[in-house]
Amino acid sequence: METPGSQTSLHRANLERVVRAVRMAGSLTQAEIARATGLSAATVSNIVRELKESGTVEVTPTSAGGRRARSVSLSGDAGIVIGVDFGHTHLRVAIGNLAHRVLAEEAEPLDVDASAAEGFDRAEQLVRRLIQDTGVDQGKVIGVGLGVPGPLDVSSGTLGSTSILPGWGGINPAEELSGRLGVPVHVDNDANLGALGELVWGGGRGVRDLAYIKVASGVGAGLVIDGRVYRGPGGTAGEIGHITLDESGPVCRCGNRGCLETFAAARYVLPLLQPGHGPDLTMEGVVRLAREGDPGCRRVIADVGRHIGSGIASLCNLLNPSRVVLGGDIAEAGELLLGPVRDSVARYAIPSAARQLSVVQGALGGRAEVLGALALVLSEMGDSTLLESVPPVAGRSSAGTRLAYT
């Protein structure tokens with residue numbers, strides 16, 4: 001039994017700190033590990049050597065600042081994670097390992113709103129097919145991250161608004177998918193997963209405080225504060241789409257008038273252009289036409305940008321993030337959208353907060369949520385639990401505990 005404060009428990013804690021830092025970053029040099037954990041360079045070097053000998057990490061030559069260095073990542077054989085993203089019109093699944101390498105990824109159209117049962121049937125089939133196609137050992141699957149396009153009730157684990165997914169009333173998504181796949185499932189809403197995806201894999205790397213704004217059929221935000229997604233006690237933090245812009249504006253699905261969502265979401269924006277562009281116009285089509293110079297589409301995108309910028313300014317005044325990442329189909333408009341967003345932020349945000357803020361297009365596009373689902377599993381893994389089942393390495397003191405993933 002380990003005694004608190006003993007050399008054994010201290011070494012164990014240091015192992016966990018190193019593994020956690022590498023697990024969340026994907027790969028780090030030893031110097032970066034030392035900065036991230038606060039451990040000395042000598043301690044990090046000894047721990048990395050121990051983890052390499054046990055097969056837990058891989059060490060490869062690299063360079064940093066023009067100097068030779070060693071990059072440390074978790075072994076590709078250490079475990080497998082799966083991401084599942086339900087959008088309103090699609091299903092996307094990705095399989096990755098603990099070294100942040102995506103082994104397979106596929107998307108297919110799906111009307112998620114219609115039936116939860118059909119959605120989970122399709123998700124199970126796609127997951128099993130990708131596992132078979134990649135040849136990974138299903139026994140090495142550590143967990144699944146699941147994204148859903150709606151707020152979750154933290155206390156019950158069910159979706160909190162049946163008006164968003166009417167066919168999913170009373171469904172506990174984590175329990176449903178876990179029962180089908182036989183592994184732990186961690187679930188979150190799509191905006192939070194988009195924030196995680198951009199934080200770990202994309203436009204938010206290296207930033208501790210950011211907001212990911214997803215503009216699609218609705219408008220939501222994933223908030224990252226001090227490197228962690230902030231969900232609030234009820235799980236509904238980040239509902240930026242329901243900031244009131246005009247008390248006399250259109251009635252929103254939430255029951256209020258003039259919410260940001262009623263000026264920016266696809267369901268409200270597309271009808272403005274469909275009379276002149278046909279009933280089948282999509283937001284992707286609006287962006288394409290705007291890039292080709294269509295004046296109506298360019299005007300609508302600019303208007304949406306100004307409205308989003310007003311909402312971001314309020315967020316900026318409250319939380320003072322250093323970066324805002326825009327996602328969703330309309331974000332592909334680039335500067336046609338970002339320019340008006342920045343103009344509104346400059347006009348309505350506190351100057352000191354606005355000066356510290358950068359507003360960028362998401363780097364991951366439609367992949368942000370499914371990669372965020374992979375990152376969710378990585379963030380929820382318990383290093384302490386994994387260490388408990390591993391015996392000491394033969395010929396080494398109990399302080400040299402071997403680390404492995406099961």
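1. In this predicted model, the residues of helix 3 that are buried are Val-44, Ile-47, Val-48, Glu-50 and Leu-51. When one looks down the axis of helix 3, these buried residues fall within an arc of 160°, so they line one face of the helix. It may help to recall that an α-helix has 3.6 residues a turn, so residues three or four places apart point the same way.

2. The face of helix 3 that is turned away from the buried side should be looked at next, and there one finds Ala-41 and Glu-53, which are exposed.

3. What do the buried residues of helix 3 pack against? Their partners are helix 1 (7–25), helix 2, strand 2 (57–64) and strand 3 (67–74).

4. Of these partners, helix 2 can be described in further detail. Helix 2 (residues 30–37) packs with helix 3 (residues 41–53) at an angle of about 115°, the two axes being 9 Å apart, and the crossing of the two helices is right-handed. On the side of helix 2 the contact is made by Gln-30, Ile-33, Ala-34 and Thr-37, while helix 3 contributes Val-44, Ser-45 and Val-48. Sorted by character, the residues of this contact comprise four nonpolar and three polar ones, with no charged residue.

5. As for its length, helix 3 has 13 residues and reaches 18 Å from its first C-alpha to its last, which is close to the 18 Å expected at 1.5 Å a residue. Just after helix 3 comes Gly-55, a residue that takes a positive phi of about 85°.

Note on methods: Residues numbered from 1 in each chain as written. Predicted model: local features only at pLDDT ≥ 70, side-chain atom pairs only at ≥ 80, totals over all residues. Heavy atoms only, no water. Axes fitted to C-alpha atoms, helices over the stretch in contact; angles between N-to-C directions. Helix = DSSP H or I, 4+ residues; strand = E, 2+ residues; numbered from the N terminus. Left-handed = near helix turned anticlockwise from the far one by under 90°. Contact = heavy atoms within 4.5 Å. Nonpolar A, V, L, I, M, F, W, Y, C, P; charged D, E, K, R; others polar. Expected span 1.5 Å × (residues − 1). Buried < 20%, exposed > 50% of the residue type's maximum accessible area, 1.4 Å probe, protein only. Arc of directions from axis to C-beta.
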